[in-house]
Amino acid sequence: MPKSKSRSKRGKTRGAQGKKSGVSGNTIAVVIAAVIIAGGGYSWWSSGRTEVAFMEDVASGKSILSKVKTIPAKGTTHLRPGQNYNYSEIYPTSGPHASRGTPPGFYDTPQRSVGLVHALEHGNIVIYYDKPGEKALEALRSWTALYPGAWDGVIATKKAGIGVSVVLTAWTKRLNLERFDRAAAAAFIDLFRGRGPENPVR
C-alpha cells in the first residue's frame with residue numbers, strides 16, 4: 001500500500017509540472033504576440049510620421065518644379081531577355097527597355113538602364129546619386145522604404161562620378177539638382193510618382 005501512495009504522489013507531481021509548463025507556454029505566447037503587435041504598431045506609427053514629414057517637404061518644394069525638364073517620349077518597345085540598349089541620354093526617361101523593370105528600393109550599386117526605364121514606364125521614380133552626403137542618403141533610404149509599390153514606387157541607384165549632384169527622373173521628366181534639395185526632390189516625387197503610361201494609379 002505505501003508503494004501505491006508513493007506512485008500517486010509522483011503522478012500528482014507530474015500532473016502539476018505539466019500544468020505549470022502549459023501556463024508558462026501560454027505566457028510566452030502572449031508575450032511574443034504582444035511584441036509582434038507592438039512592433040507592427042511602431043512600424044505603422046513610424047511610417048505615418050515619415051509620410052507627414054515627406055508631405056511637409058512637398059509643400060515647401062513646389063517652386064522648384066519650374067526647373068523640371070520634359071523630354072520627348074522615345075517609345076515603349078520591350079527588348080528581348082538579356083538584350084541591352086544604348087540610350088542617347090545619360091539619364092534615360094523613355095525608350096526601348098527590358099521586359100522586367102527594376103523593383104523599387106535603395107541600391108548601392110548601379111542598376112541597368114533598361115530595367116530602370118521599364119520602372120519609369122510603370123510610374124516609378126528613379127533617383128541617381130553618388131556622394132550626396134549622409135542626410136541625403138538617409139532621406140533616399142527613407143523614401144524608398146516609404147514607397148515600395150510596383151506602380152508608384154521610388155528607386156535610388158548609385159551613379160558613379162556625379163559627386164554631390166542628384167538627378168531625379170520620371171517617365172519623360174527629369175530634374176537635376178546640383179546639391180541634394182530635400183524639398184525639391186520630395187515635390188518631384190509627389191508630382192510624378194504613380195503616373196507612368198502603362199498603368200497610372202494616381
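## A walk through the sheet and its surroundings

Start by selecting Y107, which stands opposite T157 in β4. Y107 belongs to a region worth exploring slowly, and as you go, keep in mind that this is a predicted model.

**The whole chain**

Now zoom out and colour by secondary structure. The protein chain has four helices and six strands, and from the N terminus on the elements run α-β-β-α-β-α-β-β-β-α. Of the 202 residues in the chain, 38% are buried. If you like contact maps, look away from the diagonal: among contacts with a separation of 6 or more, 68% are between residues 24 or more positions apart.

**The sheet**

Select the six strands together. They form an open sheet in the order β1-β6-β5-β3-β4-β2, with mixed pairing. Its edge strands are β1 and β2, each of which pairs on one side only.

Let's cross the sheet from the β2 side. β2 and β4 run parallel and are joined by three bridges. Next, show residues 154-158, which make up β4, alongside residues 125-129, which make up β3; these two strands run parallel and are joined by five bridges. Two facing positions to label here are I125 opposite V154 and V126 opposite I155. How many residues of β4 are buried? Four of the five are, so β4 is largely enclosed by the rest of the structure.

Carry on to β5. β3 and β5 run antiparallel, with four bridges between them, and I127 stands opposite L168 in β5. Try a surface view of β5: five of its five residues are buried, so this strand is largely enclosed by the rest of the structure. Both of its faces are covered, with V166, L168 and A170 buried on one side and V167 and T169 buried on the other.

From β5, step across to β6. These two strands pair in the antiparallel sense over five bridges, and T169 stands opposite R174 in β6. β5 and β6 form a hairpin with two residues between them, and T172 in the turn has a positive phi of about 65 degrees.

**Helices against the sheet**

Select residues 182-192 to bring up helix α4, which lies across β3, β4, β5 and β6. Relative to β6, the helix runs at about 175 degrees.

Then pick residues 113-121, helix α2. Eight of its nine residues are buried, so α2 is largely enclosed by the rest of the structure. The buried ones include H118 and E121 as well as V114, L116 and L120. Which strands do the buried residues of α2 pack against? They pack against β3, β4 and β5. Just beyond the helix, check the backbone of G123: α2 is followed by this residue, whose phi is positive, near 105 degrees.

**A threonine in a loop**

Select T102 next, in the loop between β1 (69-70) and β2 (105-107). Is T102 buried or exposed? Its relative accessibility is 10%, so it counts as buried, the cut-off being under 20%. Leaving aside neighbours within four places in sequence, T102 is in contact with several residues, including Y107, where you began, and I155. Its contacts also include G115, L116 and A119. Draw a distance from the T102 side chain to the backbone nitrogen of L116, and you will find 3.4 Å. Another distance to draw is C-alpha to C-alpha from T102 to R112: 8.2 Å in space, for a sequence separation of 10 residues.

**Rings and charges**

Finally, display the aromatic side chains. There are seven aromatic pairs in the count. One of them is F54 with W143, an edge-to-face pair at 5.6 Å centre to centre with 80 degrees between the planes. F54 lies in helix α1 (residues 2-61) and W143 in helix α3 (residues 134-146), so the pair ties together parts that are 89 residues apart in sequence. F54 has 0% relative accessibility and counts as buried, and W143 is buried too, with a relative accessible area of 1%.

Add Y147 and F180 to the selection, and you have one aromatic cluster made of F54, W143, Y147 and F180. Now show R193: its charged end sits over the ring of Y147, 3.8 Å from the ring centre. For a last stop, show R141, whose charged end sits over the ring of F106, 4.6 Å from its centre.

Technical notes:
Residues numbered from 1 in each chain as written. Predicted model: local features only at pLDDT ≥ 70, side-chain atom pairs only at ≥ 80, totals over all residues. Heavy atoms only, no water. Buried < 20%, exposed > 50% of the residue type's maximum accessible area, 1.4 Å probe, protein only. Contact = heavy atoms within 4.5 Å. Polar contact = N/O pair within 3.5 Å; in protein donor to acceptor, adjacent residues only side chain to side chain. Phe/Tyr/Trp six-rings, centres within 6.5 Å; stacked < 30°, edge-to-face > 60°. Lys NZ or Arg CZ within 6 Å of the ring centre and 35° of its normal. Pairing = 2+ DSSP bridges. Axes fitted to C-alpha atoms, helices over the stretch in contact; angles between N-to-C directions.
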